[in-house]
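Visitor: Before we begin, could I have the model in view, and would you take me through the reasoning behind the terms?

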Amino acid sequence: MMSNTIFMHPATYFIIGAILLPFAKRIKLQKALLLIIPLLAFYQIHHLPASFGVCHFMGFELTFGRVDKLTNVFLHVFTLMALIGSIYGLHVKESGQHMAAFLYVAGSLGTTLAGDYLTLFIFWELMAFASVFLVWYRKRKRSIEAGYRYLLVHTAGGLILLGGIFLRYQNIHDLTFTRIAVDGATMADYLIMIGFMLNAAVPPIHAWLPDAYPEATVVGAVYMCAFTTKTAVYVLARGFPGFTALAILGAIMTVYGVAYAVIENDARRILAYHIVSQVGYMVCGVGIGTVMAVNGACAHAYAHILYKALLFMGVGSVLEMTGKSKLSELGGLYKYMPWSLAFTVIGGIAISGFPLTSGFISKSMIITAAGLDHRIFIMLMLSLAAVGTFLSVGLKLPYFIWFGKDSGVRAKESYWNMQLGMFIAAFMCIFLGVCPDFLYRMLPYPVTWHPYTSYHLSETFQLLGFTGLGFYLMVNYLKPAAKSNLDVDWFYRKGALVFMWVASKPIGKANDWIGEVYRTVGYRFTLAVSKAMSWFDWEGIDWVLDGSAKGVVRGGDGLRKLQSGKIQHYIGGAAVALCIVLIIIVLI
Amino acid sequence: MIAQLFGYLRDHSIVLKWVFFAYLAFTLVFDFFAERHHAHFWGDSVIGFWTLFGIFGCLGMIVVFKGLSHVWLVKGEDYYDE
């Protein structure tokens, strides 16, 4: 690639930024760099040509930049989110966390811009490998373990995706990443779809998300809630619109995520489960596949990134200041962290789809599209999930953290940069609700629909109002307890124990037995063979090569006398040897 | 300042409760006047349909999901560490 093309790609800025961060920290410019990089990228995405960065590699044509309206709306919100995340994380001194976040964003932008499956796969894996550090940097035993599980699940998903890509190449000798027709989809395409679905956290391959996100660092979770699942929504919207399986699974997701959000105790786990629910709307919209539904999926992705990040920021502030995120340990914080409360409530009403917030103008698009497509059951499931959303995230979460019983936890309000990050996200939530055309203009297809009709308003007023009544009546029954709930990760977390038992007991025993047999029978045989070989080496080869082997042995004896046992001598010796080898190679 | 506002609202929760009930009544009245051009299914033409959907959906979800958690899913926080 030409150098100007490299700098056209917004991911380049984040990768360079990640490399420069530790140096910038030395000269006290880390904070400046954290702001400059996302701003540069945000500027750059508005000046991209329709296609760039096409290069040939081992007979494949790689396209690093393919830009259209679908790409643009995601690039816009991804870079905006990177800026908000950077501001929110300004107080974090560790460069490593910021580097992981930047590389993660780069992976996400690269995937979004990729025009072929190979490029997509490279950035796809970069995302997984960079984001796991956002979990590990929490540095607790549970985070380390959760990070490994996260990495294993994503590696498995990546392999399925790669298998699909290889099969597809074998079938049609083309790796261009374009829309796949519903009728002509083959095994290869379904494997690719499963790989994408894993990152979109579609049940039953969703458990990595509520497992890992609550264990991430405060800032890490804010990034993670935005990028992995929404990049997956983008690739699904690009490749698989109109697949009915996605519409059905998406509708199931919406209710599934809400179910766990109602019963869980850890605030960040509630929000993580609720991502499953919200991404369900988008997957469903992609699956319905009509112009309005795909528009709705994109609009919802845009709006969702902002309010879900806002919620993670609000709850993250509480975790940062109090060290607690479990509802059963919190309560009565409104006196101490009122601004975090205010911002979290804005996120809560936006996600619930209150009029004049971003949720109202995006969620309803998908629900209406389901209705227009005569998928009534799906439409009702999405509406039910909207009820559960307000119940779990709009009411339960803020109520038990900031009101409820006084837990005795005293805390200061969070840092100014955290509040600024929350303010920007909260502003966008309201701004999009008041000026929906700002978002609608960015969508892939022209929008002729208006959210603010009297019937739609009436429907929303009733749904939200009477959900509030339900909460009011049942609030004692919803009281949080220090418990957690099983999910399908049980199969691999408990399954791993069974595997370890099988590995240590029956297999270990068999291994010992075989080892014993080998020692008694094989060892003697090997000895005899090696004796024969060494005789051949020593006498046979030497006879051919005129005594060089014996010469090497004598040289080795000489070298042994040079060994001093000091590491710096070895390094120096290795360097000298390397220089000699290089000189010889160059001279020859 | 904003903390005092929240405290004030909390101290006057009785008033808030009646404001909330008044709002619920308003939503039902509003539904009589909403235009119903684009009914997607029978529920859209029933006045107060979403009221019933909201309240029964909410109560139903709490009972079903809490119940599922109670009889099956709930475990101690250290379940996987044991």
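Visitor: How do you know that the span of helix 14 of chain A agrees with its number of residues?

Guide: This is a predicted model, in which local features need pLDDT of at least 70, side-chain atom pairs count only at pLDDT 80 or more, and totals for chains, interfaces and linings use all residues. Residues are numbered from 1 along each chain as its sequence is written, while chains are lettered from A and ligands numbered from 1 in the order in which they are written. The expected span of a helix is 1.5 Å times one less than its number of residues, so the 15 residues of helix 14 of chain A should span 21 Å, and its end C-alpha atoms are indeed 21 Å apart.

Visitor: What makes helix 14 of chain A largely enclosed?

Guide: A residue is buried if 20 or more other C-beta atoms, placed from the backbone, lie within 10 Å of its own, exposed if 12 or fewer, and partly exposed in between; 13 of the 15 residues of helix 14 of chain A are buried, so the rest of the structure largely encloses this helix.

Visitor: What makes strand 3 of chain A and strand 1 of chain B a pair?

Guide: Strands are DSSP runs of E with at least two residues, as helices are runs of H or I with at least four, numbered from the N terminus. Two strands pair if DSSP finds at least two bridges between them, and three bridges join these antiparallel strands. Asn485(A) stands opposite Val74(B) there.

Visitor: How many residues of chain A are in contact with chain B?

Guide: With contact taken as C-beta atoms, placed from the backbone, within 7 Å, 42 residues of chain A are in contact with 36 residues of chain B. Helix 19 of chain A gives the most to that side of chain A, with 15 residues.

Note on methods. Contact = placed C-beta atoms within 7 Å.
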